[in-house]
Amino acid sequence: MSEQKIAEMGEQAVKKAYARWAPVYDMTFGVIADAGRKRAVRYINSLPPSRVLEVGVGTGISLPGYRRDHRITGIDLSPEMLAKARERVRKERLDNVEAILEMDAGEMDFEDGSFDVVTAMYVMTVVPDPEKVMRELERVCRPGGEIIVVNHFSTDRGLRGSVEKRMARFAEELGWRPEFPKETIMVCDNLRLVDEVPLKPLGLFTMLRFHKVDGGDAVSAGGDGLARVAAQ
Ligand SMILES: C[S@@+](CC[C@H](N)C(=O)[O-])C[C@H]1O[C@@H](n2cnc3c(N)ncnc32)[C@H](O)[C@@H]1O
């Protein structure tokens, strides 16, 4: 969908932006986005002990929040952000964090169905190819598992819509796309959207929760219809 509407964000631009953000991230966007991150981690902590993949783990700001019987793997594209995450794991002795890896979310090294829970917080507006990343999140999640996306989704309406449109051309400098409709990530046949929660501040961010259904179930449930369920 709307590829023309989504600003170009190359891998090098992302790396450059987050090399700049890394030293100040926790004190700036880290604070602004705190409520959504906590909401997602709280939900994940309500699940039985799980293998969790955090995509775009950044400085690892969420890592201390996970229950210690969840086993966490974090990946990110930015070496500078990852260095902060590794330092945090070491300093806070987070021994449930199994790996912090430099890896592209659009092309992950994991086997299909490797994780019970896959989460991407404030990442989908940032990645160079959001559709490809969404398909990768689906692939590495096991059938019956969950995918939790926390993100800013843009609107066409009102003052917010016009501000987002005006800001769109600064996407590379900001390191994220102000103009990013939710439908951009509704591309996966085997993901059913089960919950959508507006988040603080001011509902600027949203938590989407998807269940991964078995490919076979999707066909017996009406095949084509299921993909569209996620798109509603
Ligand atoms: C806004 S930060 C979010 C960090 C963290 N999830 C949080 O809640 O604060 C976006 C992160 O996504 C990472 N990122 C962008 N594109 C990526 C990709 N293709 N693969 C992996 N990480 C990526 C960036 O390097 C950055 O650390």
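I count Ala, Val, Leu, Ile, Met, Phe, Trp, Tyr, Cys and Pro as nonpolar, Asp, Glu, Lys and Arg as charged, and the others, Gly among them, as polar. This is a predicted model, so I take local features only at pLDDT of at least 70 and side-chain atom pairs only at pLDDT 80 or more, while totals for chains, interfaces and linings use all residues. Residues are numbered from 1 along each chain as its sequence is written, and side-chain values use heavy atoms, with hydrogens and water left out.

**Ligand shell**

I sorted the shell around the ligand and got 15 nonpolar, 3 polar and 4 charged residues. There are 22 residues around the ligand (a heavy atom within 4 Å of it); Tyr 25, Arg 37, Gly 56, Asp 76 and Ala 105 come nearest.

Next I looked up polar contacts (N or O pairs within 3.5 Å; within protein, one atom must be able to donate a hydrogen and the other to accept it, and residues adjacent in sequence count only if both atoms are side-chain atoms). Tyr 25 puts a polar side-chain atom 2.5 Å from a ligand oxygen. Backbone atoms serve at two other places: an N or O of Ala 105 lies 2.8 Å from a ligand nitrogen, and a polar one of Met 121 is 2.8 Å from a nitrogen of the ligand. Alone, the ligand exposes 590 Å², and the protein buries 99% of that (Shrake-Rupley accessible areas, 1.4 Å probe; for residues, only the protein chains shown count as cover).

**Helix H5**

I then went through H5, residues 130-140 (helices are DSSP runs of H or I, at least four residues, and strands are E runs of at least two, numbered from the N terminus). Its buried residues (under 20% relative accessible area; exposed is over 50%, partly exposed in between, 1.4 Å probe, protein chains only) include Val 133, Leu 137 and Val 140. The buried set packs against strands E1, E4, E5, E6 and E7 (contact means heavy atoms within 4.5 Å).

**Salt bridges**

Which residue does Arg 139 bridge to? Glu 136 is the partner, with the closest N and O atoms 2.7 Å apart (a salt bridge is a side-chain nitrogen of Lys or Arg within 4 Å of a carboxyl oxygen of Asp or Glu). The two sit 3 residues apart in H5, about one helical turn. Arg 139 is partly exposed at 22%, whereas Glu 136 is buried at 11%. Elsewhere, Asp 34, Arg 37 and Lys 38 join into one network through shared partners.

In H4 I found Glu 87 and Lys 91 bridged at 3.1 Å, N to O. Glu 87 is partly exposed at 34%; Lys 91 is exposed at 57%.
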